[in-house]
Amino acid sequence: MMSGPMMMMDRRRLVGAALLLGLFFLFLGAFFVDLSHATPNPGESQEAAIARQNLGAVTGPALAHFGMFLFVLGLIAAAVFVE
């Protein structure tokens, strides 16, 4: 009865959410990588320097890859579900 149009709106929202979340995680990944390249503070401990380097080597790329996965998933879902 009314389930057809309602399902279409839910699909469009999910596609839009996947695209926006993908772009947001790409932004976060790039932000963390750029943050890791910031100049070190003069009183920075070795643990803090290692943690800052890990932002650029591990955390940032992991978030960016997850964001790219969501973005591509959203593009594929848009091609399949949205008319």
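The following exercises, each with a worked solution, concern a predicted model of a protein.

**Exercise 1. Overall composition**

Determine how many helices and strands the protein has, and what share of its residues is buried.

*Solution.* Begin with the secondary structure: the protein has two helices and zero strands. Helix H1 covers residues 3-36, and helix H2 covers residues 46-81. Next, consider burial: of the 83 residues, 19% are buried. The accessible surface amounts to about 6100 Å², and carbon and sulfur atoms contribute 73% of that surface. Finally, turn to the contacts: among those with a separation of 6 or more, 75% join residues 24 or more positions apart.

**Exercise 2. The geometry of helix H2**

Compare the expected span of H2 with the distance between its end C-alpha atoms, and locate the kink in this helix.

*Solution.* First, the span: H2 has 36 residues, and at 1.5 Å a residue it should extend over 52 Å. Second, the end C-alpha atoms of H2 lie 50 Å apart, which agrees with that expectation. Third, the kink: H2 bends by about 45°, with the kink centred on Leu-55. To complete the description, the buried residues of H2 include Gly-60, Ala-64, Gly-67, Leu-70 and Gly-74. As background to such a list, an α-helix has 3.6 residues a turn, so residues three or four places apart point the same way.

**Exercise 3. The surroundings of Gly-22**

Establish whether Gly-22 is buried or exposed, and which residues it contacts beyond its neighbours within four places in sequence.

*Solution.* Gly-22 belongs to helix H1. Its relative accessibility is 0%; because buried means under 20%, Gly-22 is counted as buried. Its contacts, apart from neighbours within four places in sequence, are Gly-67, Leu-70 and Phe-71. Of these, Gly-67 and Leu-70 are listed among the buried residues of H2. A C-alpha distance completes the picture: Gly-22 and Phe-66 are 44 residues apart along the chain, yet their C-alpha atoms are separated by 7.3 Å.

**Exercise 4. Aromatic pairs**

State how many aromatic pairs the structure holds, and describe the pair of Phe-25 and Phe-66.

*Solution.* The structure contains five aromatic pairs. Phe-25 and Phe-66 form one that is edge-to-face, at 5.0 Å centre to centre and with 75° between the planes. This pair links distant parts of the chain, since Phe-25 lies in H1 and Phe-66 in H2, 41 residues apart. With a relative accessibility of 39%, Phe-66 is partly exposed. A further pair, Phe-31 with Phe-32, is tilted: the centres are 6.0 Å apart and the planes make an angle of 50°. Both residues are partly exposed, Phe-31 at 42% and Phe-32 at 22%. Taken together, ring pairs join Phe-24, Phe-25, Phe-27, Phe-31, Phe-32 and Phe-66 into a cluster.

**Exercise 5. Arg-52 and its partners**

Identify the residue with which Arg-52 forms a salt bridge, and the residues that Ser-36 touches.

*Solution.* The salt bridges come to one. Glu-44 forms this bridge with Arg-52, and their closest N and O atoms are 3.2 Å apart. Glu-44 is partly exposed, at 25% relative accessible area, whereas Arg-52 is buried, at 17% relative accessibility. Arg-52 is also touched by Ser-36, as are Leu-55 and Gly-56, when residues up to four places away in sequence are not counted. Ser-36 lies in helix H1 and is buried, with 8% relative accessibility. Leu-55, one of the residues touched by Ser-36, is also the centre of the kink in H2.

How values were computed. Residues are numbered from 1 along each chain as its sequence is written. This is a predicted model: local features need pLDDT of at least 70, side-chain atom pairs count only at pLDDT 80 or more; totals for chains, interfaces and linings use all residues. Side-chain values use heavy atoms; hydrogens and water are left out. Helices (H or I, at least four residues) and strands (E, at least two) are DSSP runs, numbered from the N terminus. Buried means under 20% relative accessible area, exposed over 50%, partly exposed in between (1.4 Å probe, protein chains only). Contact means heavy atoms within 4.5 Å. Accessible areas come from the Shrake-Rupley method with a 1.4 Å probe; for residues, only the protein chains shown count as cover. Rings of Phe, Tyr and Trp (its six-membered ring) pair if their centres lie within 6.5 Å; planes under 30 degrees apart count as stacked, over 60 as edge-to-face and the rest as tilted. The expected span of a helix is 1.5 Å times one less than its number of residues. The bend at a residue is the angle between axes fitted to the seven residues ending there and the seven starting there. A salt bridge is a side-chain nitrogen of Lys or Arg within 4 Å of a carboxyl oxygen of Asp or Glu.
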